[in-house]
Amino acid sequence: MRQPPGYEDQSHPHHLCRLEKALYGLKQAPRAWHARLSSVLQTLGFIASAADSSLFIYRRSEVVTFLLVYVDDIIVISSSPTVPNQLVQDLRTEFAVKDLGALHFFLGIEVLHPSSGGLLLSQRKYAFELLRRSGMLKCKPAHTPMSASDKLSALDGDLLSPDDATLYRSIVGGLQYLTVTRPDLSYVVNRVCQYLHAPRDSHWSAVKRILRYIRFTLSTGLSFGSASTDLLSAFSDADWAGNVDDRRSTGGYAIFFGGNLIAWSARKQNTVSRSSTESEYKALANTAELIWVQSLLGELGIQQSRTPILWCDNLGATYLSANPVFHTRTKHIEVDFHFVRERVSQKQLEIKFISSNDQVADIFTKPLPDPAFQWCKRNLNLLDS
């Protein structure tokens, strides 16, 4: 690197500094840090996960330890109470390590231990700070994040001033991180993110409605309990041509391990669908994270006794995933989406029909009225802390 200002060698002003180690803030620093940490962990007997580069697994006889790392924040889970303490001592020979004890906070996420058992992940403190930054601490609460009759458009309303547009982008960016533990916000946050390039006053009103809902549900968190079954299941849904600007569909899914929600998504599809069956079929294919979850569970040593089930509320998409006769009518659908049919034929995935009244993935594809919205929240294990 070049000599820093104020510390130049006057006799050799054009000489460069040779770095002994990576400096924090450089582009190479994260890669160098992860490589060094990985090397040390592997010498201690850990094996890097193939499904998740931030996960390391240690197995010796009956002792199983999982280590999850994000930059320099580490979570350790072990079947032996002595292994974490020994691991901290081993890491101290190479790094400046501080043991913070039992897990309570991680990356702004609060980990609570209810008296009823299990875990509750909450971002109450982060949400409170977001409300304070937006000046909405004393706002009137709302029961849903978006009205069921609300149809946002890119050209609806007047453009915001440059200062208001900057605030809009800042608040929406903060809302994105809040969806880590709040799947009930995924759809509405995805909608307001589509107007970051040119926000208008109607979009700002939609963001304020979201903040009013957050004020009403400030203590809501995602609950996890002991699973009574090892069944891996997913719910997939799509809102056909729901976007009024380009008529693209919005697809969403929710993946459960036993009764615990472990992954979800709400995203506008990349292409326009010609029918509701096509949009639902694309939503099935976009639930490919289910396959990744399978491989991750396999690395964790969790063997599944049943084929994963994917629930869909569209009969046409269900038949299309299993019946090749329909192929003559779907030649325009990209080949990438047809891997679902291959998984079904190999008995690695089972597609089943579910009534729209029981489809919990509805919350990821469209704004819902209050009764339906609250029903979906309960089934997604969103509880008050």
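Is Y58 buried or exposed in this structure? Before I answer, let me say that what we have here is a predicted model, and that everything I mention this morning was computed from it. Y58 comes out as buried, since its relative accessible area is 18% and the cut-off for burial is anything under 20%.

Let me stay with that residue for a moment, because Y58 has an aromatic partner, F46, and the two rings sit 5.3 Å apart from centre to centre, with 45 degrees between their planes, so that the pair falls into the tilted class. F46 belongs to the loop between α1, residues 29-43, and β1, residues 47-48, whereas Y58 is in strand β2, residues 55-60, and the pair therefore ties together parts of the chain that are 12 residues apart in sequence. F46 counts as buried as well, at 6% relative accessibility. This is one of seven aromatic pairs in the structure, and elsewhere ring pairs link F235, F256 and W311 into a cluster.

Now to the overall picture. The protein chain has 385 residues, of which 42% are buried, and its secondary structure consists of 11 helices and 14 strands. The C-alpha trace spans about 70 × 60 × 50 Å along its principal axes, while the accessible surface comes to about 21200 Å², with 54% of that belonging to carbon and sulfur atoms. If we take the contacts with a separation of 6 or more, 66% of them are between residues 24 or more positions apart.

Let me turn to helix α8, residues 289-299, whose buried residues are L290, V293, L296 and L297. These four cover an arc of only 115 degrees around the axis, which means that they lie on the same side of α8. As for what covers them, the list includes β2, the strand we met with Y58, together with β9 (232-239), β10 (250-257) and β11 (260-268). Just after α8 comes G301, which takes a positive phi of about 85 degrees.

Two polar residues are worth a look on the screen. The first topic is Q194, in the loop between α5, residues 186-193, and α6, residues 201-216. Its side chain is joined to that of N190 by a polar contact of 3.0 Å, and, once residues up to four places away in sequence are set aside, Q194 touches N243 and K268.

The other topic is R343, in helix α10, residues 339-345, which counts as partly exposed at 25% relative accessibility. Leaving out neighbours within four places in sequence, R343 is in contact with I291, Q348 and L349. R343 and R209, by contrast, are 41 Å apart in space, C-alpha to C-alpha, with their positions 134 residues apart in sequence.

Finally, the cysteines: how many disulfides does a search of the whole structure find? The search returns zero. For C312, the closest cysteine sulfur is that of C376, and at 15 Å it is too far for a bond, given that a disulfide needs the two sulfur atoms within 2.5 Å. C312 is buried, at 0% relative accessibility, whereas C17 is partly exposed, with a relative accessible area of 33%.

How values were computed
Residues numbered from 1 in each chain as written. Predicted model: local features only at pLDDT ≥ 70, side-chain atom pairs only at ≥ 80, totals over all residues. Heavy atoms only, no water. Phe/Tyr/Trp six-rings, centres within 6.5 Å; stacked < 30°, edge-to-face > 60°. Buried < 20%, exposed > 50% of the residue type's maximum accessible area, 1.4 Å probe, protein only. Polar contact = N/O pair within 3.5 Å; in protein donor to acceptor, adjacent residues only side chain to side chain. Contact = heavy atoms within 4.5 Å. Arc of directions from axis to C-beta. Areas by Shrake-Rupley, 256 points an atom, 1.4 Å probe, with all protein chains shown as cover.
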